[in-house]
Amino acid sequence: MARTAYYWDPLNLEHDTGPHVECIARAERLAPGEMLSLVPRLDARPVLEHDAVHWITQVHSPHYHEFVKSACEGGRRLLDEGDTVVCRRSYDVALAAVNAALTAADAVMQGHTDNAFCAMRPPGHHALPTRAMGFCLFANVAILARYLQRQCKLGRIAVVDWDVHHGNGTQDIFYNDPSVMFISLHQFPLWPGSGSAEEIGEGAGKHTTLNIPMAPGTPEAEYLSRFDAEVIPCLEKYKPDALLISAGFDAHRDDPLGGLMLTESGYARMTQRLRDVANRHCSGRLISCLEGGYNLPALQCSVAAHMNALID
Ligand SMILES: [Zn+2]
């Protein structure tokens, strides 16, 4: 049994995107009171204040951070030309999502928990250093990786991104950086269009990016066997000091945006495999952050399966 902390903040309910798939109802489904019947050992903990702006600007330009703050607070409705909808409260909610990740990092590093899941929104893995993209404001997982390196003095960090969409923002941030191994499994082709197997990193970061594109309709068994055959050996070779998961649940077979075929038990199995890697190489240090997942019942059941596998 592991101790698994669950971070969910009521601010989650204030990022009002209106009639959008990345909606408040997602956070309502993941509120601790809603999850308790599915995760009997749920250990919900408060999100604590950190110097989030300092850590955001380790990854994003100060100019971009100011743009997000002033655009949200000034009442702008779209942060990009596409689909990144915000409201006046969205900046504060995005800070809370970063604070949740940093709170989880402290709890894991100080031994107050073994691992953690941050059930926060907005998601982060499409956010670029100077641009919002794909419902994402700040790159929560990338910021967490930098915090673990610069505040907690860890060396190598591995990020496994199983969201159905390619984690182009995280990839971009660490493309030349061998101290972060980025592994993305995603449907291909699919928006945002990047993530071919030929994208392997550049310069010193060559071979510390691994993209595993999956054709639409790939059966779950095939997906999971590629996970075992490609993701796990890569992590075993890299030997990270901490393992992060960009946990989108839109590769679920019922998701409206993706065309992959995962089920709750597939998420549980991948979680168990990653827990084993974390136990072998990272003293169990594993932090998972919510990304996508837009079928509400599938999202809730998948998060529950993920949590139960982190705990067991
Ligand atoms: Zn996604």
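Two strands pair if DSSP finds at least two bridges between them. Strand β5 (residues 180–187) and strand β6 (residues 209–214) pass that test, with six bridges in the parallel sense. One of the contacts in this pairing is easy to find: L185 has I212 as its bridge partner in β6. Keep in mind that this is a predicted model.

Now look to the other partner of β5. Strand β4 (157–161) also runs parallel to β5, and five bridges join them. Here V159 has F182 as its bridge partner in β5. Together, β4, α7 and β5 form a β-α-β unit, and the unit is right-handed.

How many residues of β5 are buried? Eight of its eight residues are. The strand has two faces. V180, F182, S184 and H186 point one way. M181, I183, L185 and Q187 point the other way, and these too are buried.

Next, follow the chain from β4 towards α7 (168–174). The loop between them holds G167. Is G167 buried or exposed? Its relative accessibility is 0%, so G167 counts as buried. Leaving aside neighbours within four places in sequence, G167 is in contact with H125, D161, F182 and S184. S194 is 27 residues from G167 in sequence, and their C-alpha atoms are 8.6 Å apart in space.

The loop between β4 and α7 also brings us to the metal. Which protein atoms are donors of the zinc ion? D163 gives two OD entries, H165 gives ND1 and D250 gives OD, at 2.0 to 2.7 Å from the ion. The four donor atoms subtend angles of 52 to 153°, so the arrangement is irregular. In sequence, the donor residues follow the spacing D-x1-H-x84-D. H165 lies in the loop between β4 and α7, while D250 lies in the loop between β7 (242–247) and α9 (264–281); the pair therefore ties together parts that are 85 residues apart in sequence. Both H165 and D250 are buried.

Finally, turn to the nonpolar cores. The largest has 54 residues, and Y7, F138, L148 and L244 have the most contacts inside it. Helix α5 (residues 90–109) supplies the largest share of this core, 13 residues. Not counting residues up to four places away in sequence, Y7 touches a long list of residues, including R45, P46, A100, A104, F117 and M120. Another core lies apart from the largest one. It has 48 residues, among them V160, I183, A251 and L260. I183 takes us back to β5, where this residue is buried.

How values were computed
Residues are numbered from 1 along each chain as its sequence is written. This is a predicted model: local features need pLDDT of at least 70, side-chain atom pairs count only at pLDDT 80 or more; totals for chains, interfaces and linings use all residues. Side-chain values use heavy atoms; hydrogens and water are left out. Helices (H or I, at least four residues) and strands (E, at least two) are DSSP runs, numbered from the N terminus. Buried means under 20% relative accessible area, exposed over 50%, partly exposed in between (1.4 Å probe, protein chains only). Contact means heavy atoms within 4.5 Å. Donors are N, O and S atoms within 2.8 Å of the metal (3.2 Å for Na, K and Ca); water is not among the atoms, so sites may look incomplete. Four donors count as tetrahedral if all angles lie between 85 and 135 degrees; four count as square planar and six as octahedral if opposite donors are over 155 degrees apart and all others between 65 and 115; anything else is irregular. A nonpolar core is a set of buried Ala, Val, Leu, Ile, Met, Phe, Trp, Tyr and Cys residues joined through side-chain atoms within 4.5 Å. A crossover is right-handed if, with the strands pointing away from the viewer, the path from the first strand over the helix to the second runs clockwise.
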